[in-house]
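Colleague: I'd like to go through the labels on this model and hear what backs each one up. Can you show me the chain before we start?

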Amino acid sequence: MIDFLIIGQGLAGSLLAWELIQRGCKVVIVDNGRENASQVAAGLINPITGMRFVKSADVDTLLPAAKHRYSQLADFFQQEFYVEKPMLRLFRSESELNNAGKRLNNPEYQAYLGDAQPPGEAINHLATPFGFLEQKQTGYLLTKPLLSGLKTFFIAQDSYRQADFDYRDIHLEPSLRWQDIFPKQIIFCEGYQATQNPWFSYLPFQPVKGEILTLEHQTELPDKILNCGNWLIPLNDHRIRIGATFDRENLNTRTTEQGKNDLLNALKQISPGLTHTTLINHQANVRPCTQDRQPFIGLHPRHPQLAIFNGFGAKGSLQVPWYSEHFVDALLNGTPLPKTCNIQRHYETHFTA
């Protein structure tokens with residue numbers, strides 16, 4: 001008997017399936033095997049974001065849970081997946097410098113912020129006209145090797161099926177069925193494709209397309225993540241990734257000259273020395289962001305055998321470990337989900353008694 005059929009093997013579906021299997025559930029994960037947004041994503045974890053240096057919601061809870069889960073997976077697969085690396089935030093204006101100064105005086109931010117350096121403090125090969133700040137407890141998840149390892153694990157457990165998923169293959173009556181599988185519950189973890197889902201497309205998704213470049217270079221850079229509006233991750237001495245563009249209009253996975261040029265121009269803002277680079281890879285995908293910036297988790301109000309675990313946007317690496325654990329608590333033990341992520345917050349708009 002299959003307990004849960006999970007649609008989508010991105011980070012959300014993979015970590016949810018892992019958690020369910022650890023608790024003794026029989027799971028099948030269905031995926032088309034093509035590159036998904038999680039594989040393209042930088043997997044960046046950054047507790048303090050934006051021009052106003054705002055602490056990510058619940059980061060004091062989410063970050064330890066994420067580190068614990070990635071450490072557990074590293075032990076299991078004998079391979080590190082989470083790279084902890086400090087971030088240099090290069091101020092783009094005097095107001096950013098002032099905003100950072102206010103946060104430095106706030107005890108709630110001290111675990112995440114190092115010293116701010118005013119204008120005049122230069123770092124080799126970096127443009128720092130307004131100074132910079134070191135951020136702590138930042139890093140990035142190696143999503144591609146992690147998802148590859150988990151896929152191998154699911155296949156070994158007889159818990160993976162590669163298929164082009166079609167909603168019309170789901171039958172709710174007389175009992176829940178997809179093709180030859182009769183699960184107790186189906187959980188959709190299909191990223192931005194959920195906007196086409198006949199049961200969950202009512203949710204206010206706000207998908208965003210992002211493009212990322214991988215480049216070779218010869219400039220000496222600090223071994224730290226750099227952030228100057230766009231982020232830059234040093235993969236090794238001569239290879240970097242930079243991203244991501246932000247496009248709400250063209251929701252497809254095609255790379256564009258415009259996206260490439262925008263990122264190459266951003267590169268010059270970070271380091272004038274990075275004008276001579278060699279393009280190694282150019283990727284694009286669509287992040288499943290939501291209008292209220294909170295995940296979409298929970299059961300369909302009329303068909304509770306259907307559930308969703310989605311909407312993590314750009315913060316999946318930080319959020320998915322904690323939320324997957326608590327969603328499994330809800331599924332197996334009836335533990336209530338936090339109101340902020342529970343899709344019940346959108347029932348009233350679309351479902352009347």
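Colleague: Why is D166 called partly exposed?

Modeller: Its relative accessibility is 24%. Buried means under 20% relative accessible area, exposed means over 50%, and partly exposed is what lies in between, with a 1.4 Å probe and protein chains only. So 24% puts D166 in the middle class. One caveat up front: this is a predicted model, where local features need pLDDT of at least 70 and side-chain atom pairs count only at pLDDT 80 or more, while totals for chains, interfaces and linings use all residues. As for bookkeeping, residues are numbered from 1 along each chain as its sequence is written, and side-chain values use heavy atoms, with hydrogens and water left out.

Colleague: What makes D166 and R168 a salt bridge?

Modeller: The closest N and O atoms of that pair are 2.8 Å apart. The term asks for a side-chain nitrogen of Lys or Arg within 4 Å of a carboxyl oxygen of Asp or Glu, so the pair qualifies. R168 itself has a relative accessible area of 69%, so it goes down as exposed.

Colleague: How many salt bridges are there, and which one would you show me from helix α1?

Modeller: There are 17 in the structure. I'd pick E19 with R69, where the N to O distance is 3.0 Å. This one links distant parts of the chain: E19 is in helix α1 (residues 11-22), R69 is in helix α3 (residues 59-77), and they are 50 residues apart. By the way, a helix here is a DSSP run of H or I with at least four residues, a strand is a run of E with at least two, and both are numbered from the N terminus.

Colleague: Are E19 and R69 buried or exposed, and what makes them so?

Modeller: Buried. E19 comes out at 6% relative accessibility and R69 at 5%, so each value falls under the cut-off for that class.

Colleague: What makes K260 and E257 a pair within one helix?

Modeller: Both sit in helix α6 (residues 257-270), three residues apart, which is about one turn of the helix. Their closest N and O atoms are 3.5 Å apart, which makes this a salt bridge too. E257 counts as exposed at 52%. Elsewhere, bridges with shared partners tie E19, R23, R69, E325 and D329 into one network.

Colleague: Next, N252: where is it, and why is it called buried?

Modeller: N252 is in the loop between β18 (239-243) and α6. Its relative accessible area is 18%, so it counts as buried.

Colleague: What makes N252 and K209 a polar contact?

Modeller: Their side chains come to 2.7 Å. A polar contact is a pair of N or O atoms within 3.5 Å; within protein, one must be able to donate a hydrogen and the other to accept it, and residues adjacent in sequence count only if both atoms are side-chain atoms. At 2.7 Å, the pair fits, so the label holds. The side chain of N252 also has a polar atom 3.0 Å from the backbone nitrogen of R254.

Colleague: Which residues is P321 in contact with, and how buried or exposed is it?

Modeller: P321, in helix α7, is at 1% relative accessibility and thus buried. Setting aside neighbours within four places in sequence, its contacts (heavy atoms within 4.5 Å) are L15, A65, A66, R69, Y70 and G316. P321 and L11 are 310 residues apart in sequence, yet their C-alpha atoms are 9.2 Å apart.

Colleague: Last one: what makes the whole chain as compact as a globular protein of its length?

Modeller: The chain has eight helices and 21 strands. Its radius of gyration is 21 Å, close to the 20 Å from the globule rule for 353 residues, so the wording is fair. That radius is taken over C-alpha atoms, and the rule is 2.2 Å times the number of residues to the power 0.38. Buried residues make up 53% of the 353. The C-alpha atoms fill a box of roughly 70 × 40 × 40 Å along the principal axes. Of the contacts between residues at least 6 apart in sequence, 74% join residues at least 24 apart.
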